[in-house]
Amino acid sequence: MNDITILFGGHGAERLVSVASAQNLAGHAPGAELWFWRPDDCFIPVSHAELAAHRSAFEVEFEPASPPLARSVDEALELARTQSRLLVLGLHGDGAEDGALALKCERRRIPFTGSGSAASARGFDKQQSKLLVAAAGGAVAPSLLLKAGADLAAAAGFLQTHGPLIGKPVASGSSHGLIAVDGQSGLDRLRAAAADCDYMLEPFLSGREFTVGVIETDGAPRALPPVEIVLDADVQFDYSAKYLGRGCREICPADIPDDWNDQLEDLALAAHAAIGAYGYSRTDVIVGPDGPVFLEINTLPGLSKASLIPQALAVAGIGFPDFLSAQVELARRRYDR
């Protein structure tokens with residue numbers, strides 16, 4: 001029997017979301033140990049009381065008081081291996097959702113929740129995941145990959161062809177780095193943002209926005225009820241809207257026709273399968289005049305009380321403890337496949 005450890009934090013832009021996810025996870029796993037991955041790559045043991053007492057997790061850095069139990073990722077994972085730990089990943093973004101941590105766990109045969117390293121890398125790369133979903137028959141928007149520091153002539157031509165664009169980092173999450181590109185000022189913002197970061201450009205798609213979770217529990221993957229994202233006028237679904245509720249409403253179950261519901265769920269299931277996700281995922285979709293269009297997939301989506309997967313689980317009548325238990329069991333069986 002493995003000892004369960006909830007791992008959270010990290011050094012990426014989504015570490016605050018990770019703390020909020022860990023608070024929810026810890027509330028349903030009172031016997032689990034808690035390890036905080038500090039931005040300097042030290043790993044800090046945290047008590048349940050200390051984590052629960054932290055307020056405004058989406059806005060305020062978590063700074064636990066204990067000394068480190070490990071001073072690098074490799075040192076922490078060696079400790080997890082020797083202690084036969086099972087890692088519940090309350091992590092998001094760079095270093096975790098991109099598959100880097102999963103690969104280190106796989107090499108040590110440490111059980112962990114969520115998708116494996118290859119699937120995580122495919123899902124985190126927005127361009128690659130789009131190509132895989134398109135190959136599986138899903139509808140995707142045209143896109144342009146802009147390498148870091150590249151000349152913007154291609155971007156200017158793409159803008160001229162398609163009209164207003166949305167630019168987003170190829171490898172990032174939680175709606176960080178979104179840029180509206182509708183003229184020279186947008187191109188100037190894009191030039192600054194893409195100086196050291198690959199960007200993907202897509203036409204601005206008008207329509208209704210949805211996100212659809214997929215979970216694996218006791219058999220084949222199943223889709224959760226779609227959540228509709230309703231934004232106030234001139235509001236983007238960025239970090240502020242997503243986590244602080246500024247100019248955004250999340251409606252679950254979505255008030256949509258049955259055929260829309262089926263199409264959204266089918267697209268999310270296709271995306272989950274296309275990248276080879278394991279355990280759970282969440283797919284973002286926009287429905288325009290021609291039907292649902294895939295936007296991106298998240299292999300370690302937020303699990304805070306306010307996050308979209310827990311909202312959809314509740315509507316589906318699935319308790320969060322049952323979901324968590326199923327993910328732990330899948331992690332235990334990971335290397336038996």
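In this predicted model, helix 7 (residues 153–162) lies across strand 5, strand 6, strand 7 and strand 8, and runs at about 15 degrees to strand 8. Helix 8 (residues 184–193) packs on the sheet as well, where it touches strand 5, strand 7 and strand 8. The direction of helix 8 makes about 140 degrees with that of strand 7.

The sheet under these helices is an open one, built from four strands in the order 5-8-6-7, with antiparallel pairing. Its edges are taken by strand 5 (144–146) and strand 7 (179–181), each of which pairs on one side only. Going from neighbour to neighbour, the strands are turned by 30 degrees against each other on average, direction ignored. Inside the sheet, five bridges hold strand 6 (residues 165–169) and strand 8 (residues 199–203) in antiparallel register. To pick out one pair, Gly167 has Leu201 in strand 8 as its bridge partner.

The model has another open sheet of four strands, this time in the order 3-2-1-4 and with mixed pairing. Here strand 3 (43–46) and strand 4 (85–89) sit at the edges; each has a single partner strand, so one side of each is left without a neighbour in the sheet. The twist from one strand to the next averages 35 degrees.

Strand 1 is a handy way into this sheet. On one flank, strand 1 (residues 3–9) runs parallel to strand 2 (residues 33–37), and five bridges join the two. Among the pairs, Ile6 is matched with Leu34 in strand 2, and Phe8 with Phe36 in strand 2. Strand 1 also pairs with strand 4, again in the parallel sense and over five bridges; in that pairing, Ile4 has Leu86 of strand 4 as its bridge partner. Strand 1 is mostly covered, with five of its seven residues buried. Helix 1 (residues 15–27) lies across strand 1, strand 2 and strand 4, and its direction is at about 150 degrees to strand 1.

Turning to helix-on-helix packing, the axes of helix 3 (residues 73–82) and helix 4 (residues 100–108) come within 10 Å and cross at roughly 40 degrees. Helix 3 and helix 4 are therefore oblique to each other, and their crossing is right-handed. On the helix 3 side, the contact uses Val73, Asp74, Leu77, Glu78 and Arg81, which meet Leu101, Lys104, Cys105 and Arg108 of helix 4. Sorted by class, this contact of helix 3 with helix 4 comes out as four nonpolar, no polar and five charged residues.

Helix 6 (residues 126–135) and helix 10 (residues 258–275) make another such pair, with axes that come within 9 Å and cross at roughly 115 degrees. Helix 6 and helix 10 are therefore roughly perpendicular to each other, and helix 6 passes helix 10 in a right-handed crossing. Helix 6 brings Ser129, Leu132 and Val133 to the contact, while helix 10 supplies Leu267, Ala271, Ala274 and Ile275. In the contact of helix 6 with helix 10, the residues split into six nonpolar, one polar and no charged.

Note on methods:
Residues numbered from 1 in each chain as written. Predicted model: local features only at pLDDT ≥ 70, side-chain atom pairs only at ≥ 80, totals over all residues. Heavy atoms only, no water. Axes fitted to C-alpha atoms, helices over the stretch in contact; angles between N-to-C directions. Parallel < 35°, antiparallel > 145°, perpendicular 65-115°, else oblique. Left-handed = near helix turned anticlockwise from the far one by under 90°. Contact = heavy atoms within 4.5 Å. Nonpolar A, V, L, I, M, F, W, Y, C, P; charged D, E, K, R; others polar. Pairing = 2+ DSSP bridges. Buried < 20%, exposed > 50% of the residue type's maximum accessible area, 1.4 Å probe, protein only.
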